[in-house]
Amino acid sequence: MALSRKPAGALPAKLARKTDWKNYFAQYWFIYVILAVVLAYYVIFKYIPMYGVLIAFKRYTPSAGIWGSDWVGLRNFERFFSSAYFMRTFRNTVLLNVMNLAFGFPAPIIFALFLNELRNQVFKRTIQTISYLPHFISLVVVAGMLHDFLNNTGTITTVLNLLFGTEKKVWLNDKNAYRTIYIVSDIWKSLGWSAIIYLAALSNIDTQLYDSAEIDGCGSLRKMRHVTLPGIAPTIIILFILRIGAMLSLGVEKTLLLYNPNTYEVSDVISSFVYRRGFGIDGRADYSFSTAVDLFNAIINLTLLTVANFTARRFSETSLW
Amino acid sequence: MKRRRMRLAMLALSLLLVFSLMACQQTPTSTTGSTSGGATTTTTKASSTTTTTTQAAEEPVPISIWYAVGRFTIDDRRDKIPEEKDIGFLNERFNIDLSYTTAPSEQARDQLGIMLATNSMTDIISMQGSFDTFLIRPDQMFADGQIIDLKSVASSIPTYMGIVDDNPVIKKNVMDDADHILYFGIPIFEAEVGMSGGLMIRKDWLDKYDLGLPQSIDEFLTALRAFRDNDPNGNGQKDEVPFCGNQGSLQVIGNLIGVQETFSMVGGTGGYVVFGPFEEEAYKKRLTLIATMAQEKLINENYYNFDFQMRDTWIAEDRIGAALTGLGNLDKWNNLMADHPTFLMWPFNNPAQEDGKRYFDRTDLSKAMRHDVTMISSNAADPAKCGEFLDYFYTEEGHMLTTFGIEGLTYEMDGDFPKFTDLIVKNPDDLGVGDAQGKYIGIPGVRTYEDLRVWAQLSLTTPGSRQAAMRTWTDTFTEDTNTPIPPAMMSEADADEYADIMADLQTYILESVAKFTTGEWSVDANFDDFVAQCRVLGAERALELQDKAVKNWQARGGEPYAYTLGRAEIDWSKIPLKTEKGIELMDPDLR
């Protein structure tokens, strides 16, 4: 820019650029129209509503509106942090997420890898269809099934009793079993669906690579290690970063549907605590408090996402930005 | 050509810009419009309701009503009830133009929240169920300037104001601490009408083991143990559920001791507030009772998150020994099992304590009102007209219309007694009485007083339920041993402080009670630590705040609280029983 500011020749250059730009725009204007629609969507539905986050610093009353409500500074955050249960809910949220990441993240990858090795197309498709069916079952129904199957007379309870001689009890009242139930049911529900994206990535790998690997004398396991895995590594890394970015956001629904006071110690997460806090007492809706907690979650998530992305860029060529 | 294209592009872009600016504009206007608080009137109403052209001298006043719709909307009844009999009739009578905005009940809370948060309320807002389900209370809505003080339209609502002025207790419910009248509610004038549920047990099973109806907690537990151990249904399996319920039912069983889980009243609604864990002796008894029920498996093991649909199945399978539920279920089950050789579910009194007192947990009775409320919003262009319309249903004529429906279609007069027709009680499309009533009767969104003549025909059709409502549950009720906290309100600052304390305290208590219940903690060893921790979490301060709010409630309207409900008179000869089973146990004058 600084170089182009030379007094001599600046005018013609500028003019030339202007005509270039004009020509360019005349030629591609429609693409910009299409872009504008998308931009408008984000501006209208994502950026403008963001000013509502102000109520985290206010005592929000609907009739006074977002701008008209009184400022209270960091009061809503203080209320959250000073709770006797803040650390516990924070720990539970992080722990459930970490466990989900440790077990729930690799599961679809492994599943996709094995599925990819299947040669019988009919069998492969059947397996795939069955595996992603649970994705379409509503969470409420899944929770109902869990309650039913893990009941003291439920199917799973009975099977476990026959196989391992475990006690016939209501498993969801057992705080030692809660996390396992939560994670395993999550994997069961999302396994097939999450595998789709990996299967798509797998189909993009150049088959010549496999051929040459075979010529070099690789068995199927070594092919998996040296061709398949590197081939889908970018997908894995991107999904991993995105997953890290959702570390503190744990949907409240599943917890509300599965937990009870017997398991609070391990099951009570930030969102369920806020739900009880904001909605359960005295019938007053505390919008500001919930927003403050949400904002806190968002900041942590954004930080984690940035760190994960930075690390990924540092150690591999793949990153979100 | 290029130029034209260019222009087109610019046009498209500028249009987009305008649209997005308009979208930006929308939010600010709604906020600036609302900063003026209670005085806001918006003009959006005219465009949202369609004005029908009538020949009336004055244009009809459009009135929009929001309500949570159940299984049936008002249009579903048009196969039997012509519009001019209800909505059309009302439109003409009041020169109004009614329009309804509805939300399915499961979305009602969210929709109401959005409506309030954007200040786009309909003229009339009607909330079904307790305030807690809606997470917002009328006095908060009033403080936020979203509903009007009904005193400002007092001259248009003479009937309702008459009821409110004549009944100090009802007045306490519908007003806030600053003397504003906030809503139209459902007054209860007779105890039988407010008595909606209680304890019941299998009389035929008790007879098998020569046990009488339980009079004390010990006798109750003895009966449950007998059901658990002796295979009363005789199928050779130990599949009996001695007492069927969920976590909530277990807490209500605990309330029989006279102290509730957190806060409760001593000396009835006019008494004073106590915090359960501070009442050491009673709370220990309460915890022991709950723990006994759970650990001895006298309640179904899956009582946490128990699905009540399961209960009807278990009843049909002849497995349930006792329950704590509504009158409707008692009636339904006895009808459902009318063909069973012995099945007889029979009501019994709340067991007496050692001091001979029976304790109760009856909210509706002490406040002489149901939860459901209807309010006039500050958006209403003609609040007086809305008031006039809503007041009509408290008059005899309006009450009959919304409670019994249309004469000749949904009810017939038998002397001076309105009897439901077969459309309701023996529905040709096989709807249950409750569904038929929901489909064909009632003007949505309005309120009226409760009428025993309805429930007598719909839910008192077996000896068991009739005896329960008219005698067993109602006779023993005493207001001074009733323990629920009245619907008191705190000031905003107090409510914030209270919520901050209770968020932790409630969690701690729920969790601790669960530990006592399952036996992880023992009452003897851990109770003192439990109470100490409650104090650490601020229980004393919470009690103070709760007490202050209740005292304000008791003083509302300048009169102290006094129990007001009378007893009902009804001509039972007009109402046939559906089954005679157990008739020998029913008081003869109820036949």
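Colleague: Which residues make up domain 1 and domain 2 of chain B?
Modeller: Keep in mind that this is a predicted model, where local features need pLDDT of at least 70, side-chain atom pairs count only at pLDDT 80 or more, and totals for chains, interfaces and linings use all residues. Residues are numbered from 1 along each chain as its sequence is written, while chains are lettered from A and ligands numbered from 1 in the order in which they are written. With bounds from an automatic or database domain assignment, chain B is split into domain 1 (46-189 + 370-405 + 442-450) and domain 2 (196-361 + 473-590).

Colleague: Which helix gives the most to the side of domain 1 of chain B that touches domain 2 of chain B?
Modeller: The C-alpha centres of these two domains of chain B are 33 Å apart. Their contact (C-beta atoms, placed from the backbone, within 7 Å) takes 12 residues from domain 1 of chain B and 12 residues from domain 2 of chain B. With 5 residues, the top contributor on the domain 1 side of chain B is helix α8 (residues 168-174) of chain B.

Colleague: How many residues does each domain of chain A bring to the contact between them?
Modeller: Chain A is divided into domain 1 (13-70) and domain 2 (82-315). Their centres, taken over C-alpha atoms, are separated by 35 Å. The contact takes 6 residues from domain 1 of chain A and, from domain 2 of chain A, 5 residues.

Colleague: What is the radius of gyration of chain A?
Modeller: Chain A has 15 helices and 2 strands (DSSP runs numbered from the N terminus: H or I of at least four residues for helices, E of at least two for strands). For 321 residues the globule rule (2.2 Å times the number of residues to the power 0.38) gives 20 Å, and chain A is well over that, so it is more spread out than a compact globule; its radius of gyration, over C-alpha atoms, is 27 Å.

Colleague: What share of chain A counts as buried?
Modeller: The C-alpha atoms of chain A fill a box of roughly 90 × 75 × 35 Å along the principal axes. A residue is buried with 20 or more other C-beta atoms within 10 Å of its own, exposed with 12 or fewer, and partly exposed in between, with C-beta atoms placed from the backbone. Of the 321 residues of chain A, the buried share is 26%.

Colleague: Which strands are the edges of the open sheet of 4 strands in chain B?
Modeller: Strands pair if DSSP finds at least two bridges between them. In this sheet of chain B the order is β5-β8-β4-β9, with mixed pairing. Pairing on one side only marks the edge strands of chain B, β5 (241-244) and β9 (345-348).

Colleague: Which residue in β8(B) stands opposite Gly198(B)?
Modeller: Strand β4 (residues 197-202) of chain B runs antiparallel to strand β8 (residues 320-326) of chain B, and they share 5 bridges. Opposite Gly198(B) in β8(B) is Thr325(B).

Colleague: Which residue takes a positive phi in the hairpin of β11(B) and β12(B)?
Modeller: Strand β11 (residues 411-414) of chain B and β12(B) form an antiparallel pair over 4 bridges. One bridge partnership joins Tyr411(B) with Phe420(B) in β12(B). The hairpin has 2 residues between the strands, and the residue with a positive phi near 65 degrees is Gly415(B).

Colleague: Which residues form the uncovered face of strand β12 of chain B?
Modeller: In a regular strand the side chains alternate between the two faces of the sheet. In strand β12 (residues 417-420) of chain B, the covered face has Pro418(B) and Phe420(B), and the uncovered one has Phe417(B) and Lys419(B).

Key:
Two residues are in contact if their C-beta atoms, placed from the backbone, lie within 7 Å.
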